[in-house]
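Trainee: I would like a close look at a single part of this model. Could you take me through the place where chains B and C meet, and the strands around it?

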Amino acid sequence: MSFFGFEERTLEREKNRRVEQDEDLAVYTWGEESYDGLGDALQEEHDELNDETFGDVGKVGKDFDFASANPAVQPISKSFFLKNLLAAQAISLESIWDDRSPFSMRLNGSGRSSLQPRGDSPAQHRQQSGIRTLQEIESEMQALLRERQQQLLQQKQREEEEFLRQEEEREFQRQRLLYQQEQAQIQRQQQLHAHQHRTPPPRMLPVSQSPRFMEHQQRQILLLQQQQEQQQLLRLQQLQEQLRVEELERQLRSQHISTIPPDPDMEALQHQQLQHQLRHRSLPLEDGLPYLPHKLAQAEFLRDMQGLPQADQEALRVEAMRKILEAEKMEEKRRRKAAKIAHMSRYNDLMTQSDKDFITRIQVSQLVSQDPYADDFYAQVYGAIVRSRMGLGADDERVLKFGASGGVALGAPSKGGNRRPNAMQRMQQQVERIVSNARKREEEKGLHSLHSLQGALGKTSGRSYKAAPRQLLQVDSGAAPSASPTLSHAQPHAHISKSDSISNSHSDAAATHAARLGRETLGNGSSEDLVRMEPLTQREILVTLENMYDLVLNVEQLRRDPASSRGRRRVFWSNGESNEFDRLVDQMWSHLKVMLPLATSTPHPFISLLSAAKGKKILPRVTRHFDQQRMNTLLTLLIACFSQLDTQAFLSSVLQSILPIIVKGNLRLVCGLVGLLMHGQDIVAIAKSRPGLALLTLFLTRVEVMRQGEVDEIPTQEDFAQWQLMFDHLFQLLTPEFPLLFPSTRMAAHLPRDQPHINIPGIDSLDQPVWQFLAALAVQASSTQHQILVSSLREKVLDNVLSAKKGWVVDEEERTTKLANVDLFLHALGLDSSQITM
Amino acid sequence: MDPSSSGIQEPFDLIRLSLSERVFVKLRGDREMTGILHVRALKHMMGHMNLILSDVEETIMIVNEGEQATVSVAKRKMGMLFVRGDGVILVSPPSRTQ
Amino acid sequence: MLIFSVFKTLTDQQVTVELKNDLSITGVLKSVDQFLNIRLDNITVLDEARHPHMMAVKNCFIRGSVVRYVQLPAEHVDTQLLEDATRREAQNQIKR
């Protein structure tokens, strides 16, 4: 059915088409550039009030029937709704901008007049009741007349209208439904859009979906509306003011022009003044009126355009443009500043004063370090070392000198280590003590050995002992076959008891046995799980050692901790500290690689670690924390790999570390270790090296101490017997080499024959360890072995004594050293250099 | 079996590896030296390294300006030396060969 | 801080400060600060002929930044402790 000549279906289609177009428009224009985020505030729920908003379907009357009055106008379209919605929530900035006229703006601001439905439809007229004007009544009367004339026609029409209205209502309902659906869809799209394009507010993301956030948004929208309304109001006031000023100025200018010829400078001045005035006045309003300066400039420009010559107008235009730009810039700046302040103030009052105090306390507590040595470690510890040294006295000087001249660690002995003299000095003292003890015992026994060796050194006379020393020698030929000392081992030893008259092969077997015992101490007798590998590289060594240093520093820090070290030498550990300590020490032990099988590599990884300077330095600091069992294992490994060690390593660190173990070790351990030295290693070469000689001396003195009964654990007879085998074997092996043990002898071998007693500076201090070793050997030797010693070393002894007594040695200190060296050895035999007559 | 591949995480650890070892140091002003490294202290702000070395042997290259520029070398030894970090160009780790 | 800590322990010891202008000054270290500025007493200059203006000077304050080397008395330096201190600094470096 057609109405107003339109085919209904066409109309319908047309309407649908427009709706579709609108949809597109709405979708694509919503929230692009000028999108203000209000879409997020749309509520998807609360549909229960829809009836109130859109009216109940059944009650929809003619009030909404705009279409009947003007069917060409599209029925309530979506865009209309959107516009309404927008207008209700916010007046877009663009629309304000566009409305330049103060009047339009007033209209715009006073209400939403432009959005009001047109009021000239008959339906509205009909509805209007109450007070009516005369004109209205007149027209109504006329209309009534006309109505009567057309009553019949209208009757017909009304029927048609009624039908149409029903149709319209149905259509309207359909449209509304469609709109609702579309609206929902738009909202969904918007949300999607918002998620994609809007960066979420920082740190607020998880909150943005919460009801509280929504509430907040709504409140903000309200606030915005209020602000905008206020803005409008202010703008109006401002414009009124502006108009007033404008009027004033116009009056002023007209006066001005009439009296004085136009002066551009003057004018500019006035301009500035006026502008200043305006701006000044506008200042308090600025906050609410972001575009005011711009507006003012524009108004000014417009005003200036009036009644001015073309050129001036042009100049003014440029000037005005400049000012506009300037004002815009200022405004932009101000806005950014305000935004920044607003942004910063987001977190205002987030923390209370007590919160802040709490944080301050935490920060301050971090400044006060837990480690008192943190920044001044060197000076603090160095000071402690120096102080502890001050309290020690004479012995201390030597430690200081030792550390300084040898470049050997001062730091290490400082932490307990410097409480004893260095290892070599200690050993020397030990030998002296043993020798003097032995001598006393001999004297008590009735000078037995003194008699047996009486005159053994012979008498020297004449200008040189070289003249005829051999002839004067009076050695008991039966006891000592001096011509062939190498054969001496084949002789039965008088000293050894009857059951012990054992051959060379027997004692060798004993050494092997002892060595096996020693290896068993290492705990890697079985070679099943042996993994052979390349010796550690330099880098691997350094990395391992640095890891060890970390552990050592931690352990030392633990011990240095004020809680545990206050004035006490033995520390009482808390459980936690003790566990931590044990854990660190266990780690050190595994880093040291002592437990790797002996045959893992050559050199053994542990020995490789000692090859680095820092490895040597760290050993005493590590071993201090090990228990007896671990130290025994370490010591055994060291001895088993002794020939792989370098001299420097031994003297600077190893000796220092193992000394406390050896001086506490039992006879069985010493036996095993000496066996290890002699089995599979070149004992002669070892004895010719300074470390080897020192080690052997150490063993000998230890055994002698045990023989003298100065130990808690008295060794069994069996152990002593075992030792005797070891000793004899050692003596045998070394006998042909006795004179060559002396560095001076070895050096002299390279000198021309006719310069027999050339003075090598300091040679006596080099020889000193050899004399000590020989003295230690002599103390335990049988009388037969004494004879061998004397016959092998007679020449060396006489050489020294003569050098000292004949004044060939100028330096007094050297002379004393020479005699002291010889006497140490002679005393062990029960002799004295004074017995040597010249 | 051996933790040699691990163990070094930070570049600063390389400094530690050189401690107690002989290092080669190249300095501004045509100077070089070798010495045993004891301290390598990082100056955070300036980003340079102060050093303390012992048993130092310094080599100074002196370029003699003239018709034919010649280079003469001066050497000297010092027992214990603090080297201010701003003169240090490079510190090379101990040689692998030793 | 480590170097400063070391220098503190060397006060009243004789040191030789070599400056970047090749001037070498030997004297007793009196004080040092965090910038490694150095005050020396009883100074003598290595090559007095080349630096005659220094002959009358008995003490001096040396700005840290002009120092090239300082020769230290080895007997008053604990090298093991120096290395430990360096390691501790390195440890702290990693911790931070």
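Mentor: We start at the contact, then follow the strands of chain C, and end with a glance at chain A.

Keep in mind that this is a predicted model. The predictor gives the complex an ipTM of 0.91. Its pTM is 0.52. Chain C has a mean pLDDT of 90. In that chain, 96% of the residues reach 70 or more.

Now the contact. Chain B brings 23 residues to it, and chain C brings 21 residues. Look at the chain B side. Four elements each give two or more residues there: α1 (12-18), β2 (31-43), β3 (48-64) and β4 (70-83) of chain B. The largest share comes from β4(B), with six residues. What classes of residue make up this side? There are 12 nonpolar, six polar and five charged residues on the side of chain B that touches chain C.

Stay with β4(B). This strand pairs across the chains. Its partner is β5 of chain C, residues 67-71. The two strands run antiparallel, and three bridges join them. Find B:L81 on your screen. Its bridge partner in β5(C) is C:Q71.

Next, move into chain C. Strand β1 (residues 14-19) pairs with strand β2 (residues 24-32) of chain C. The pairing is antiparallel and has five bridges. One pair to find is C:V15 with its bridge partner C:G27 in β2(C). Four residues lie between the strands of this hairpin. There, C:D22 takes a positive phi near 75 degrees.

β2(C) also pairs with β3(C), residues 38-45. Six bridges join β2(C) and β3(C), again in the antiparallel sense. Here C:T26 has C:T44 as its bridge partner in β3(C). This hairpin has five residues between the strands. In it, C:L36 takes a positive phi near 65 degrees.

Last, set chain A beside this. Chain A has 36 helices and zero strands. Of its 838 residues, 26% count as buried. Take helix α31(A), residues 690-707, as one example. It has 18 residues and reaches 26 Å from its first C-alpha to its last. That is close to the 26 Å expected at 1.5 Å a residue. α31(A) is mostly covered, with 13 of its 18 residues buried. Just after this helix, A:G709 takes a positive phi of about 75 degrees.

Conventions:
Residues numbered from 1 in each chain as written. Chains lettered and ligands numbered in written order. Predicted model: local features only at pLDDT ≥ 70, side-chain atom pairs only at ≥ 80, totals over all residues. Contact = placed C-beta atoms within 7 Å. Nonpolar A, V, L, I, M, F, W, Y, C, P; charged D, E, K, R; others polar. Pairing = 2+ DSSP bridges. Buried ≥ 20, exposed ≤ 12 C-beta atoms within 10 Å, placed from the backbone. Expected span 1.5 Å × (residues − 1). pLDDT = per-residue confidence, 0-100.
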